[in-house]
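Below are some comments on the model you sent round, arranged as numbered points. Please read them with the structure open beside you.

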Amino acid sequence: LDSVTVKGKLIIRGGGVHSVIIKGDSVIGPVIVGRQNSTVRVSVEDHAAVGLFTVDTGADTVKLDGTVEQVRVQGAGAVVEISDMVKQVVVTENAVDATVIVLDNAAVGQVSVAADSTTVQVAGTVGTIAVNDAVSDAAIAAQGGSKIDLISTAGSGTTVEGSGTVS
C-alpha cells in the first residue's frame, strides 16, 4: 500500500513473510491480522502511519517492522516479533500462551500483560513491563545487551531471567 488512506479497518488474512508493505504517506486505520498457522510480515515504511495494530487470532507468527503506536495481542498462542519502534504493546486476557519478542535494536515504550502464561523476550529496549495481578506464570527473558527500565509484576509465578539490564 503506497501513499493510500484507509479510513476503515485493514484486515490481513493472507500473506507470508514478504506480504504486506505499508509505505509512502499512507494513513491506515486499525490493522487486524487474522492469519492462522502461518507467518505474516507487515512492514510500515517511510512516513506511513498505523495507529492500532491487532493480532486477532492465535497460532500466528506476526513479524512487525516499522513504527506503530499500539500493538494489541488478542489471540491465544500468538507470536509477535517487533523489530522497530512501538509505543505500547497490550497482551489482553484472551491471549493465553502468547509470546512478544522485542528484537535487537527494537524499542518498546510499555508492555502490559493481562494473559496467563505470556512470554516477553527482550533483546532490544523496553521502558516498562507491567504484569497484571490476575496473571499467572508469565515469563520475562532479558537477553544479553537488552535493557528494561522497569518491571512491575503482581502476578503469581512470574519469572524474570537472563543477562540483560533491568534499571
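The points that follow go from the chain as a whole to its strands and then to a single residue.

1. The first thing to keep in mind is that this is a predicted model, and every value below is computed from it. The secondary structure of the chain comprises 20 strands and 0 helices. Its radius of gyration is 15 Å, close to the 15 Å that the globule rule gives for 167 residues, so the chain is as compact as a globular protein of that length. Along the principal axes, the C-alpha trace spans about 45 × 30 × 25 Å.

2. On burial and surface, 43% of the 167 residues are buried, while the area that the chain exposes comes to about 7,400 Å². Carbon and sulfur atoms supply 47% of that exposed area. As for charge, there are 18 negative and 10 positive side chains, and the centres of these two sets lie 8 Å apart.

3. Among contacts in the chain with a separation of 6 or more, those between residues 24 or more positions apart account for 10%. Anyone working with contact maps may wish to set this figure beside the strand pairings described next.

4. An open sheet of 9 strands, with parallel pairing, has the order β2-β5-β8-β10-β12-β14-β16-β18-β20. Its edge strands are β2 (10-12) and β20 (165-166), each of which pairs on one side only. Strands of a sheet pair through backbone hydrogen bonds, in either the parallel or the antiparallel sense.

5. Within this sheet, strand β8 (residues 52-55) runs parallel to strand β10 (residues 68-73), and 4 bridges join the two; Phe 53 has Val 71 of β10 as its bridge partner. Strand β10 is in turn joined by 5 bridges to strand β12 (residues 85-91), again in the parallel sense, and here Val 73 stands opposite Val 91 in β12. Towards the β20 edge, strand β18 (residues 147-153) and β20 run parallel and are joined by 2 bridges, with Thr 165 in β20 as the bridge partner of Lys 147.

6. Strand β13 (residues 99-102) deserves a separate look. Which of its faces are covered? Both are: Thr 99 and Ile 101 on one side are buried, and so are Val 100 and Val 102 on the other. In a regular strand the side chains alternate between the two faces of the sheet. The strand pairs in the parallel sense with β11 (residues 79-82) over 4 bridges, where Ile 82 stands opposite Val 102. It also pairs with β15 (residues 119-122), likewise in the parallel sense and over 4 bridges, and in that pairing Val 100 stands opposite Val 120.

7. Finally, Val 6 is worth a check, and it lies in strand β1 (residues 5-6). Is this residue buried or partly exposed? Its relative accessibility is 22%, and because buried means under 20%, Val 6 counts as partly exposed. Leaving aside neighbours within four places in sequence, Val 6 is in contact with Val 27, Ile 28 and Gly 29. The C-alpha atoms of Val 6 and Gly 75, which are 69 residues apart along the chain, are separated by 24 Å.

Methods. Residues numbered from 1 in each chain as written. Predicted model: local features only at pLDDT ≥ 70, side-chain atom pairs only at ≥ 80, totals over all residues. Heavy atoms only, no water. Buried < 20%, exposed > 50% of the residue type's maximum accessible area, 1.4 Å probe, protein only. Pairing = 2+ DSSP bridges. Contact = heavy atoms within 4.5 Å. Rg over C-alpha atoms; globule rule 2.2 N^0.38 Å. Areas by Shrake-Rupley, 256 points an atom, 1.4 Å probe, with all protein chains shown as cover. Lys, Arg positive; Asp, Glu negative; His and termini not counted. Charge placed at Lys NZ, Arg CZ, Asp CG, Glu CD.
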